[in-house]
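Q: Got a minute to go through this model with me? I'd like to start with one residue and work outwards.

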Amino acid sequence: MFNVLKVRLYPNKEQQVALAKNFGCCRFVWNYYLNKTTTQYQETGKRLSYCDMAKNLTQLKKLDEYSWLQEATAGTLQQSLRNLETAFKNFFDHRARFPKFKSKHNKQSIRYPESCSIKGNGVKLPKLGIVKAKLTKTISCQIKSVTVSKTSTDKYFAAILFETEEFNNAKTGKISGIDLGLTSFVTVFDGEKYYKVDPIKPTRKYAKRLRRRQQSLSRKNLGSNNRKKQVKRVARVHEKITNTRLDFLHKLSRKFVDENQVIVAENLCIKGLARTKLAKSILDAGFGMLLNLLSYKLEREGGKLVEVDRFFPSTKLCNCCKFKNDSLNLSVREWVCPNCQNHHDRDENAAKNIREEGLRILSTNTDGQSVFQACGEGVRLGGASVKKQSSVKQESPVTA
Ligand SMILES: [Zn+2]
């Protein structure tokens, strides 16, 4: 199975220049063919395939005015074309927005589809030689590809994709239902007991610092060096917010995966929710990212993330008598079932319902191979109910 290791890179001056050129060439190729495909599509109704673009690129490189494209590694340029083809495909299949032109001011990235290896304490890349890296673990197997990126705060990273044979099929642990919320970030029911995890709010925490730096930026003269420096300072706050959130989510998902073999969660419509006035809190909470992390970590270790349909009324259902209480609104934290008089904590009741619904889905999917045992409940695992979260931006899985 595939695995990704993300490491920090420390290219020397020469390598930085070469990378900048390669980033530029890939950006040019993307933008050039994005424009060409769009124009052709408007004129003829047909878009360019990867093969069309790759053939055209070979011709383009022979022209004097585009000969500088030869300085880039050919594989990275072809990869840009493949990415562009995928971006168009995703757009036409209604999975993504129309591809955008790339700017040199945002994060830059290129992918080397071949000829990369680990040498000593560095990553060997075509045309660059060995780039110093902070390797956090050893990779002894074949490397499939390396994606090199540069953040807007001038940090370099490599995402190394490799294939491993280690596959832990004997994962043991509990089956837990989790309810995601804003008051308590996650409420867990593991079949015996409940517990809650409080949310972190990095956007709010750093709001003051961000506002101050943005205000200072607006006072700097256009095109001045001080302005450029201040742009980096603003970017560093954004980076801090992202990293704080990601670190929290990685640790939390690690804990859940260590304790459970199956996690049941509601599949949320993150984009829909983020348009409401709760947007800031929801994006801050990073529900979609948590589900992505849980999904790939569980899968890698032989467990499963089971997603319950988001229209399942997990909150409104009384878990004792299954009475559906339609009078509940978002502000109600605790309620008494009008039918059986049981007292419920809103989130705990939801977590228990989600877990039960997950067990039901698992037990009705009989096409699976492995039988899961948890707390006396034997459950057969099927694949039908397990879907990747597609409603949020896909981040490549990173080995924590
Ligand atoms: Zn009841």
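A: Sure, let's start with Leu-34, which lies in helix H1. Helices (H or I, at least four residues) and strands (E, at least two) are DSSP runs, numbered from the N terminus. Bear in mind that this is a predicted model: local features need pLDDT of at least 70, side-chain atom pairs count only at pLDDT 80 or more, and totals for chains, interfaces and linings use all residues. Residues are numbered from 1 along each chain as its sequence is written.

Q: OK, is Leu-34 buried or exposed?
A: Leu-34 is buried, because 20 other C-beta atoms sit within 10 Å. The cut-offs are 20 or more other C-beta atoms within 10 Å for buried, 12 or fewer for exposed, and partly exposed in between, with C-beta atoms placed from the backbone.

Q: What is Leu-34 in contact with, skipping neighbours within four places in sequence?
A: Leu-84, Pro-99 and Phe-101. Contact here says that the C-beta atoms of two residues, placed from the backbone, lie within 7 Å. Leu-34 and Lys-102 are also 9.9 Å apart in space, C-alpha to C-alpha, with their positions 68 residues apart in sequence.

Q: How do H1 and H3 pack?
A: H1 (residues 13–44) and H3 (residues 74–92) pack at an angle of about 40°, and their axes are 9 Å apart. That angle makes H1 oblique to H3. Axes are lines fitted to C-alpha atoms, for helices over the stretch in contact, and angles run from 0 to 180 degrees between N-to-C directions. Under 35 degrees counts as roughly parallel, over 145 as roughly antiparallel, 65 to 115 as roughly perpendicular, and the rest as oblique.

Q: Which residues of H1 and H3 meet?
A: On the H1 side the list is Asn-22, Cys-25, Cys-26, Val-29, Trp-30, Tyr-33, Leu-34 and Thr-37, and on the H3 side Thr-76, Leu-77, Ser-80, Leu-81, Leu-84 and Phe-88. By class, the contact of H1 with H3 has ten nonpolar, four polar and no charged residues. Ala, Val, Leu, Ile, Met, Phe, Trp, Tyr, Cys and Pro count as nonpolar, Asp, Glu, Lys and Arg as charged, and the others, Gly among them, as polar.

Q: What's in the largest nonpolar core?
A: It has 35 residues, and those with the most contacts inside it are Leu-9, Cys-26, Tyr-33, Val-123, Val-146 and Ala-158. A nonpolar core is a set of buried Ala, Val, Leu, Ile, Met, Phe, Trp, Tyr and Cys residues joined through C-beta atoms within 7 Å. Among the elements that each supply at least two residues of this core are strand S1 (2–10), H1, H3 and strand S7 (156–163). H1 gives the largest share, nine residues.

Q: And what does Tyr-33 touch, again leaving out neighbours within four places?
A: Tyr-33 is in contact with Leu-48, Met-53, Leu-81 and Leu-84. There's also a second, separate core of 32 residues, which includes Leu-180, Phe-256, Val-264 and Ala-351.

Q: Phe-256 is in H6, right after the others in that list. What does H6 meet in H9?
A: Leu-249, His-250, Leu-252, Ser-253, Phe-256 and Val-257 in H6 meet Met-289, Leu-290, Leu-293, Leu-294, Lys-297 and Leu-298 in H9. That contact divides into nine nonpolar, two polar and one charged residue. The axes of H6 and H9 (residues 287–300) cross at roughly 45° and come within 9 Å.

Q: How about H5 and H6?
A: H5 (residues 207–219) and H6 pack at about 165°, with axes 9 Å apart, so the two are roughly antiparallel. Their contact has five nonpolar, three polar and four charged residues.

Q: Switching topic: where is Lys-240, and how exposed is it?
A: Lys-240 lies in H6 (residues 225–259). Lys-240 counts as partly exposed because it has 16 C-beta neighbours inside 10 Å.

Q: What's the phi of Asp-154?
A: Near 65°, a positive value in a residue other than glycine. Asp-154 sits in the loop between S6 and S7, and with 10 other C-beta atoms within 10 Å it is exposed.

Q: Last one: how many helices and strands does the chain have?
A: The protein chain has ten helices and 16 strands. Of its 400 residues, 32% count as buried.
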